[in-house]
Amino acid sequence: MPTSPAVIPAPRTVHPDRGTTVVDPRTLAALAVALEPWAPNAAHALRDARTVGPLVAPSGSAATPATASLDATLPSEGYALDLSDAGWHLRAGDAAGAFYAVQVLLQLLADSRHDAGITTIPAYACEDAPTYPLRGISFDVARHFFGVPDIERLVDLAATYRLNQLHLHLSDDQGWRLEIEGRPLLLERASANDVDGGPGGYLTLAEYEHLQDYAAARHITVVPEIDMPGHTHAAQVAYPEISPDGEPREPYAGIEVGFSNVHLTSAETWSFVDDVVGTLARHTRGPRLHLGGDEAHTLTAEEYAAFVERLGIVVAEHGKQLVMWQEAAPVQLPAGTLLQFWTYDIDTSHLADLARERDVRFVASPAPHAYLDLKHDESQELGLTWAGTVEVRDAYEWEPASVLPGVPADKIEGVEACLWTETLRTWDDVTTMLLPRLPAVASVAWGSPRDTGTFLESLAAHGERWVRDGVAFHRSPQVPWRS
C-alpha cells in the first residue's frame, strides 16, 4: 500500500501514514445512511462506490462503525475525513463538503487492495476546504457538437476532481446548440454543421434541464454561454436580419475567428437578444449567464462598448448576473459581473485598477496554463498551438494571483479550465486532451498545497485507473506511469 494515497486535488492537511483499514460493505452502508438526511448526493455517490475487486464482509467480526455529521465550524464546501479500524468518521460544513469527502473516499477505494478475501485502503485522515468558490471547466460544443451522454461523462469527470461549474459554450460561427423559445430557425438552419462540415446537433430545452439536474446531483452548476456580438455567424445563417447587411449567410465550417458581428442597433437584433437571454434566464437554475464578448475584431472600441453595456442591462432585467471574457473590462458593466481572463495578447494593465474601483470579479483561465485544447507537445495531432503547448507541469505550476498581477486576492472568484473543440470529434479526443492536465488545473482551482513530485506520482496511480476503465489519455513523459 503506498504511503501517500493518490488523492487529487491534494487536501490541505493530511495526517501521517497510519497503515490500513478494512473496507466492509456494512461500514459503507452505514456511512451512506448517516449522510442521507442532510447530504443525499454524497450518500448516492457512496452507494455507487466501486472497488478494484468484490467487497465482502469479514467473517466473524463486527463492522467498523461509521458516522457522518454536519459541522458548522467547518467552512462552506469544507470537510474532515478520518478512516481507521476504530471508526470511519466524516464531518462537513455543508452538503457539498460531504460530497467532496466522499469523492476522496472513492479515490481511495479505486486503489483498494484485496488479500485473503479482505479489502483494505489506507487509514486516512485529512481536513480540507477549497481556496476558490468557483472551480470550473468550459466545454465547447459549438465547433464540434457533443450531446447529453458525453456531457454527462464530463460532469462525472469534473466531480471526481471536485470542480463545481460546467460552462457550456453553446454558440459560435460554426453552429448553434440550444433550443431558444420563439426562434425555431436556430435549430433548423444553424445547428446542422460542425467544423469541417460535420453533422452538428443541438440540445433541446428539456435536455438542457436534464443536464442541470444531473450536474446539480454532483454539486456542479451549469453556466450557459451564447457569444455576442462576435462569433455570431451561425445565428445569422438562421436569422439574416440580425446581420449588419441583412443578407443571407451560408454555414461556416472553418476555424478562423473575429470576422462576424451582429447589427449593433437594429430592432431585429435586440429582439433576438431578448429572446435568447430570456430563454436562458428562464431555463438556467444558476445565477449566471455568460454572453461571450471576445474577439469582436470588426468593431471599434466605441461600438463594442455600446453594445455590451446594453447587453448587461438586458441580462440584469432578466434577473441574472453577467459573465464575459476579459475584452469587456473597459465597459461599464452591471455590479457583480465576472470577467474571465484568458490571454496576455490583450492589455491587462488596467485590470488591477478595475478590480479595486468597481464591483467586478475575475475568473482565471490563462491559455498557457488552462487551455486544454492546446497541444501537450508539438508532436501531438490533436489540438492547436496559438498560445504554445501546455504540458502537465504547465497546468499545475502556476497561481491565479500571478496571472492577474495587482488584482486583490478577494477579487479572484476562481479558476476555469477551457476545452475548445476545433480539432476534437470524439469522447476519446476529449479525454486525451483533458487527461492528465485537468487534475492539474483542478489542483490549482482547489488551492491544494503544491508538491510537483507527489502530484506526478498521484497522476501515475490515476493513470492505472484510466487504463482499467478504458479511458483515453495522453502519456505525458513528465509522469512516471506505472503501466
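**Close-up 1. Packing of helix 8 against helix 9 in the predicted model.** In this predicted model, helix 8, which spans residues 267-283, and helix 9, which spans residues 301-317, pack at an angle of about 40 degrees, and their axes lie 10 Å apart. An angle of about 40 degrees falls outside the ranges that count as roughly parallel, roughly antiparallel or roughly perpendicular, and helix 8 and helix 9 are therefore described as oblique to each other. The crossing of helix 8 and helix 9 is right-handed. Helix 8 contributes Thr269, Trp270, Val273, Asp274 and Val277 to the contact, while helix 9 contributes Phe307, Arg310, Leu311, Val314 and Val315. Sorted by class, the residues in the contact of helix 8 with helix 9 comprise 7 nonpolar, 1 polar and 2 charged.

**Close-up 2. The closed barrel and two helices that pack on the sheet.** The barrel is closed and has 8 strands, which run in the order 9-10-11-12-13-14-15-16 with parallel pairing, and the twist from one strand to the next averages 30 degrees. Strand 9 (residues 134-140) and strand 16 (residues 412-419) run parallel and are joined by 6 bridges; phenylalanine 139 has leucine 419 in strand 16 as its bridge partner. Helix 9 packs on this sheet, where it touches strand 11 (221-228), strand 12 (288-292) and strand 13 (321-325), and the direction of helix 9 makes about 150 degrees with that of strand 13. Helix 15, formed by residues 437-446, also packs on the sheet and touches strand 9 and strand 16, with its direction at about 175 degrees to that of strand 16.

**Close-up 3. The open sheet of 3 strands.** This sheet is open, with its 3 strands in the order 2-7-6 and antiparallel pairing. Strand 2 (20-22) and strand 6 (113-115) are the edge strands, each of which pairs on one side only. From one strand to the next, the twist averages 40 degrees. Strand 2 runs antiparallel to strand 7 (residues 118-122) and is joined to strand 7 by 3 bridges, and threonine 21 has isoleucine 121 in strand 7 as its bridge partner.

**Close-up 4. The surroundings of leucine 108 in helix 3.** Leucine 108 is located in helix 3, which covers residues 95-110, and because its relative accessibility is 3%, leucine 108 counts as buried. Leaving aside residues up to four places away in sequence, leucine 108 touches Pro5, Val7, Leu83, Ile121, Pro122 and Tyr124. One of these contacts, with valine 7, links positions that are 101 residues apart in sequence, although the C-alpha to C-alpha distance between leucine 108 and valine 7 is 7.2 Å. Another of the residues touched by leucine 108, Ile121, is the bridge partner of threonine 21 in the open sheet shown above.

**Close-up 5. Packing of helix 2 against helix 3.** The axes of helix 2, made up of residues 40-47, and helix 3 come within 8 Å of each other and cross at roughly 15 degrees. Angles under 35 degrees count as roughly parallel, and helix 2 and helix 3 are therefore placed in that category, with a right-handed crossing. On the side of helix 2 the contact is made by Asn41, Ala42, Ala45 and Leu46, and on the side of helix 3 by Ala98, Phe99, Val102, Gln103, Leu105 and Leu106. The contact of helix 2 with helix 3 divides into 8 nonpolar residues, 2 polar residues and no charged residues.

Definitions and conventions. Residues numbered from 1 in each chain as written. Predicted model: local features only at pLDDT ≥ 70, side-chain atom pairs only at ≥ 80, totals over all residues. Heavy atoms only, no water. Pairing = 2+ DSSP bridges. Helix = DSSP H or I, 4+ residues; strand = E, 2+ residues; numbered from the N terminus. Axes fitted to C-alpha atoms, helices over the stretch in contact; angles between N-to-C directions. Parallel < 35°, antiparallel > 145°, perpendicular 65-115°, else oblique. Left-handed = near helix turned anticlockwise from the far one by under 90°. Contact = heavy atoms within 4.5 Å. Nonpolar A, V, L, I, M, F, W, Y, C, P; charged D, E, K, R; others polar. Buried < 20%, exposed > 50% of the residue type's maximum accessible area, 1.4 Å probe, protein only.
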